[in-house]
Amino acid sequence: MVTRPDSASFALGDKFETFLELEEKLAIYQKQNFVQLWIRDSRSVNAAKRRLTREVKDDLRYYEIKYCCIQGGVGFKSRGKGKRSASTFRQDCQMHISLRASEDGQALEVKSLSLNHNHELTQELFEHLPAQRKLPEETKKEAEHLLKLKANRKLIQQELSKQSNKIVLFKDLSNIQQRMKERESRNDVDCLVQTLKDKYGAVVDILTDADKVLKGLFFQDLQMQLRYRAYPEMISVDATYKLLEIRMPVYLVLNEDAMGESEIVAVCFLAEETAEGIGFFFDCLKKNNPHSTNVRVVMADKDIQERDVIKQKFDGAHVLICLFHTMRSFKREVSCEKMGISPGQKLLCFEILQKMAYSKNQDEYNTLHTQLVRDAPPPVVDYFNANWHPICDEWVMGMKFQVGNFLNTTNNRLESLNAKLKSVISRYSSLEEFLEKFYVILNALRTERDHTAAVMMQKRRVLPFSAGSAENEYFGFLTSYAADYVCKQLALSKRVSEPQDLSNGSYQIQTSEGLLTVLPNSCSCNFYASMHLPCRHVFAVRSLLKLPLFVPDLCDIRWSSHYYKANCRLLNQAHCVPESSSSICLESVDKPKILSQQQKFRKANILAGKLASVTSEVARIHFDQRIEVLEQLVKFWEDNKIAAVVEVTVSESGEQVQESASDQLVYK
C-alpha cells in the first residue's frame, strides 16, 4: 500500500470556492504524486437544482463529483469470446477523492477520500500514461508537416520528444497520420477534376459505364502537351500499381527530348486493362494532341493487355517490347513446372533465348531460332513459336534499332520514374493526395530539366578539338547530348574496315552487325537507323571520298540546338499555345449485351487478379479467413449454386452483425 502525503495533498473538509480552483490543485497533485485521475461519478449543478430547494453557486459546475485513480474504479469485464488480446488499466485501486457542494452551496467540499494505491507510483511510469503523452497542438502541427514530407519516423520521434519534453511513440505518429487522412476529402472525382482544370489548366477526359461508375480518367496539363508536340517520335508507356486507394493502375506516357531527358506527357487511371480501357486512353492522347500522327515508336510492356489496340490507334507505328520485360517473361514462362522440362533443359533454353533477344540482325536471330528448334524441348518450341516468333521485330534488339528507338531497348526511364513516384506518394493514396504529391515530383523533375537547359545555354563546353574541325561544328549545331554521340562516331570511323565500292554510288563494309550497305548520306547500321545521326560508316565513306564531314542535313532536326531552344520551357513559357484548351470531356460506354467465353474469362481474370492482391495484403489471421470464404465461393459455383455477398461487422460485445454493402466510385 502506498501513501504519498505532500503539500498538494487533499484532506477531509478541504473546500474550493470554484471548480477552476479545484482543477488547479488536482493538476499540481497529479504531477507531484505521479497519479492520473479520472471522473468516476458526477452530477452537475444544473441537474441538482431540479431536486434541491437551496441555492448552489454556478461556478462550482458540479454538485457532487468523484475522482478515482486511472487504475481504479469499476472493474473491466470483457464481453468478448477471448479471441482478441485485450488489456486494461483497471487494477482495483481504491484511491479516490469525493467532493460535494457545501451546506451553504458556496464551495465544493471533500467528503470522502483515500490516498492509498495498490500499485507502483513512479515518474517513469507516470510519463508513459496516455494523458501525459498527449502532445500540444503546436507540436501536432509540426508532426503533420514532417509526416507530409515523409521524414524518417525515428528522427520525427526524436525531434518531437525534444520539443515537447514528452514521450512520443510510433503509435502516436500513426494516429496523427490517420487523423490527417480522416480530415481530407477522399476520392472525390468531381473535386479532382475541378482541381486539374482550375489549378493546373489540364484537359481531362473521363470514362464511365452505364451506371456512371468511374472506369478511366485521362489528364494532360499544358506543359505535357507542349513536350509531346515537340518530341512525338517515340513514347514509352507503362503502368504502376498500388498508388491509388481506388485500386486503379496509373499509366504514364514518357518521351525523350534533344538532351536525352525524359518528360511525362500524359497520365491515365484505368479500372480495367481491357481493349475498351486501353482504347479510351490512346483515343484521348490522339484527340488532345494532333501531332500524335508523328509517333513512330511505342515502347511498352509485353504484359499490357490488348497490345493490338495500340497498333490500331497508332497506325504505322512500331510497338516495341521492353528488353527487361522480355527476359522476365522468358524466366516466368519457360520453367520446369510450366513446361515439364529438367533444370538443364531450362538453362539451355534460357541461354538461347537471351542470345536471341540481343541479336544484332535478322540473320543472327534466324540462326539462333534454328538452334532453338533443334535443341529445345517441344513444349518450349511450341510456346516460343506461338507467342514470340511472329513478333520478333518487336523484342529483338537489332530489329528494334531499325525503327528509330533512339537506342532505348528498355522502359528503364519509366521504371526509374515509377520508383520516384513511390518514394513520395504513399501506398494506396486518395486521389487528392496522389495529385498533390504527383505534382510535387513533376515540378521537381521539371526544375531539373530546366536547369539542364539553362546550363547548356549559359555554358560552353571546353573542347579538345581544333577550330574549324567537324567536331567543333557539330557541337555548335547539335545539343551536347547528340554531339557527344556524333563525335564518338567520328573517332570510331578511323577504325572502320575499308569500304568496298559497289560501282553504283554505294559501298559495303563488314562489321559485327554483318555486311552493311553505306552511302555518303545514309547507312543500314543500327546506330544510324535508331538515332537518325551520322554513323562511323558514313564518316568512313565520306573520308574516303574527301567529302566534308560536317553536314547538318545528316542530323535529324530534333537534335539541333536551335530546335531545342525553340521548344525549351525556359524560353517559351510566355508564348505557349496549347494543342487544346482546358476542358472536361465525359464519355460513357454501354455495358456489352453479349460476351463470348473468351471475353468473360478475360473480365473475370482481371477481377481475380485484384482479388488475389487484396487477399494477400492482410495479416495471417485475416488471410486465412478470406481464403476460407473464397474456397466456399468456389465450391458453391462448382455446384452451380447462387452465392451472395454481405458485410460482416463485429460489435464491441463480440457479436457478428451482417450488413449488405456495395461501394462504387461514381462520377456525377
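This tour goes from the whole chain to two surface patches in a predicted model.

**Whole protein**

Start with everything selected and coloured by secondary structure: the protein has 28 helices and 21 strands. Switch to colouring by burial, and 43% of the 668 residues come out as buried. Then show the surface. The protein exposes about 36,400 Å², and carbon and sulfur atoms supply 50% of that area. For the contacts, take pairs of residues at least 6 apart in sequence; 64% of these contacts join residues at least 24 apart.

**Negative patch**

Next, select Glu17, Glu21, Glu23 and Glu24. These four residues form a surface patch of negative charge. Centre on Glu17, which sits in the loop between β2 (15–16) and α1 (19–33). Is Glu17 buried or exposed? Its relative accessible area is 53%, and the cut-off for exposed is over 50%, so Glu17 counts as exposed.

**Nonpolar patch**

Now move to Leu544, Leu545 and Leu547. Together they make a nonpolar patch of about 220 Å² on the surface. Centre on Leu545 and display the neighbouring helices: Leu545 lies in the loop between α24 (536–544) and α25 (561–566). Its relative accessibility is 34%. Buried would require under 20% and exposed over 50%, so Leu545 is classed as partly exposed.

**Last view**

To finish, keep both selections on screen: the glutamates of the negative patch, including Glu17, and the leucines of the nonpolar patch, including Leu545.

Conventions. Residues numbered from 1 in each chain as written. Predicted model: local features only at pLDDT ≥ 70, side-chain atom pairs only at ≥ 80, totals over all residues. Heavy atoms only, no water. Patch = residues over 30% accessible without salt bridge, like charges linked within 9 Å, V, L, I, M, F, W, Y side chains within 5 Å. Areas by Shrake-Rupley, 256 points an atom, 1.4 Å probe, with all protein chains shown as cover. Salt bridge = Lys/Arg side-chain N within 4 Å of Asp/Glu carboxyl O. Helix = DSSP H or I, 4+ residues; strand = E, 2+ residues; numbered from the N terminus. Buried < 20%, exposed > 50% of the residue type's maximum accessible area, 1.4 Å probe, protein only. Contact = heavy atoms within 4.5 Å. Lys, Arg positive; Asp, Glu negative; His and termini not counted. Charge placed at Lys NZ, Arg CZ, Asp CG, Glu CD.
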